[in-house]
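Trainee: I am new to this structure. Please take me through one part closely, the open sheet, and then what surrounds it.

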Amino acid sequence: MEKEIKRTKIKELLSMQPGAEVVAKGWVRTKRGNKNINFIALNDGSTINNIQVVCDMKAFDEEMMKKITTGACLRVQGDLVESVGSGQAVEIQAKDILVYGTADPNTYPLQKKGHTLEFLRSIAHLRPRTNTFGAVLRIRHAMAFAIHKFFNDKGFVYLHTPLITASDCEGAGAMFQVTTLDLNNPPRNADGSIDYSQDFFGRMTSLTVSGQLEGELGAMALGQIYTFGPTFRAENSNTPRHLAEFWMIEPEMAFYEIQDNMDLAEEFIKYCVKYALDNCMDDLRFLNDMFDKELISRLQGVINTEFARITYTEGVDILLKSGRDFEYPVSWGVDLQSEHERYLVEEHYRRPVIVTDYPKDIKAFYMKQNDDGKTVRGMDVLFPKIGEIIGGSQREEDLDKLNRRIAELGMDTRNLQWYIDTRRFGSAPHSGFGLGFERLLLFVTGMANIRDVIPFPRTPKNADF
Ligand code: 4AD
Ligand code: MG
């Protein structure tokens, strides 16, 4: 018996010299031709490019050929030959075709090209088979890999922080509760409130909004750590930049002051963008041509640009002097809205901007307090089209100041003693930040809606798939 030929991925086939007999496996993108000859465009997800399969119709059973329609899955064996048509260097002259799975043309939703992104969201289980989502998901993978490589090369430790938590890191209260209590009949205390001591963890718990607090514990032992995992926010924000479940990268470094933190953030983003340009060009070129003609030049621009660095107070001054009629009026003390952030980035500086020293009242309890008594050493990195891509700060390492801030905010310290302990035992200056992974992907892919850079988005009123 002849030895079975192993499958070669299409990405590799397309870079091979003609001559060998090969096996390709993948899904049909299109089939065209006449009664003598058929051309099948086959894609297996290894690259945005298809391999052309040429079928001499005399050699194949007509009934079998009819089953080959858009979406069907095939095994194709044949000779890799030089392509006579334009558009590809090689193609497969088919000798044997096996149909693994058919896709009924009357019901398979991905027939024609040019479906709207909105429609594709409603078929998120099939959209990875489109060129667009293939490209986005390969880039998403490459960025995840680049992030691990960046920190690994710098000697950071990847720390796994818990997803279920009893503390609220950002203090925004936008948390999803985790419980196994019977919601129709929960156990109650004498005063009628719910008795969480009978819940699974013996207390009230939620999904985490950030791994930072545990990340700080790691940095105070290992020196430099990062987290990279899902985080959850129950904010009812139905915008193109918010998800209820998103992935965040949170580095935390002992002995880093705010300047060091900014330097690392800038280096980190540039590294990721450069990695995409160096490793994902086929996919970027496709997205550039399809959606955003300035994508690649914007990416190249960012790696060669120094980010502007300003204080919140300077930013507010610029906004006040802009003469703009913002939907949300600006004054010192208000949180910057995305229209303000975008004005600073896209119109005033025309490059990424790092804003520092925010009013303490609009930032979380853990940020290092400045001597002015009004501002904290926070930093947000603002990007064109996206607004805030990174949020971070130097942390308050002084036990008394931290305790005073916690009391001022009326926070419950029972769930935070372990965190406060780091300031009691061997406290040190330290800093960190959080990069929203999907916000980075919005920038790198040029997609306009955050629902289109994660395989299965979770947003208010939507947990399909
Ligand atoms: O600014 P945030 O809330 O900061 C923190 O969570 C800190 N604990 C980070 C730290 O210092 N370790 O969130 C950080 C980033 C934002 O800049 C944004 O990119 C992203 O997370 N982000 C979201 N991305 C998608 N959907 C949402 N609902 C997001 N909320 C924040
Ligand atoms: Mg923030």
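Mentor: Here is the sheet, followed by its helices and a few side-chain pairs.

This is a predicted model: local features need pLDDT of at least 70, side-chain atom pairs count only at pLDDT 80 or more, and totals for chains, interfaces and linings use all residues. Residues are numbered from 1 along each chain as its sequence is written, chains are lettered from A and ligands numbered from 1 in the order in which they are written, and side-chain values use heavy atoms, leaving out hydrogens and water.

The chain has 13 helices and 16 strands. Both are DSSP runs, numbered from the N terminus: helices are H or I with at least four residues, strands are E with at least two.

Now the sheet. It is open, has 8 strands, and follows the order β6-β10-β11-β16-β15-β14-β13-β12 with mixed pairing. β6 (157–158) and β12 (308–311) are the edges; each has a single partner strand, so one side of each lacks a neighbour in the sheet. Two strands pair if DSSP finds at least two bridges between them. Strands of a sheet pair through backbone hydrogen bonds, either parallel or antiparallel.

Start at the β12 edge. β12 and β13 run parallel, joined by 4 bridges. Arg-309 stands opposite Ile-354 in β13. β12 also has two faces: Ala-308 and Ile-310 are on the covered one, Arg-309 and Thr-311 on the uncovered one.

Step on to the next pair. β13 (residues 353–359) and β14 (residues 375–383) run antiparallel, with 6 bridges between them. Here Ile-354 faces Val-381 in β14.

Two helices pack on the sheet. Helix α4 (residues 131–153) touches β6, β10 (224–232) and β11 (245–254), and its direction makes about 150° with that of β10. Helix α6 (residues 258–279) touches β11, β12, β13, β14, β15 (387–394) and β16 (430–436), at about 15° to the direction of β14. Axes are lines fitted to C-alpha atoms, for helices over the stretch in contact, and angles run from 0 to 180 degrees between N-to-C directions.

Look inside β10 next. Thr-227 is found in this strand. Thr-227 is buried, at 4% relative accessible area. Buried means under 20%, exposed over 50%, partly exposed in between (1.4 Å probe, protein chains only). Leaving aside neighbours within four places in sequence, the contacts of Thr-227 include Tyr-158, Leu-159, Met-248 and Ile-249. Contact means heavy atoms within 4.5 Å.

Now the charged pairs. The structure holds 31 salt bridges, each a side-chain nitrogen of Lys or Arg within 4 Å of a carboxyl oxygen of Asp or Glu. Arg-121 and Asp-452 form one, with their closest N and O atoms 2.9 Å apart. Arg-121 lies in helix α3 (residues 117–122) and Asp-452 in the segment after α13 (437–445), so the pair ties together parts 331 residues apart in sequence. Arg-121 is partly exposed at 22%; Asp-452 is buried at 1%.

Another pair sits within one helix. Arg-405 and Glu-408 both lie in α11 (residues 399–408), 3 residues apart, about one turn of the helix. Their side chains meet in a salt bridge of 2.4 Å, N to O. Arg-405 is buried at 6% relative accessibility, whereas Glu-408 is exposed at 52%. Separately, salt bridges that share partners join Glu-216, Glu-252, Arg-395 and Arg-423 into one network.

Finish with the whole chain. Buried residues make up 50% of its 465 residues. Its C-alpha trace spans about 85 × 55 × 45 Å along the principal axes.
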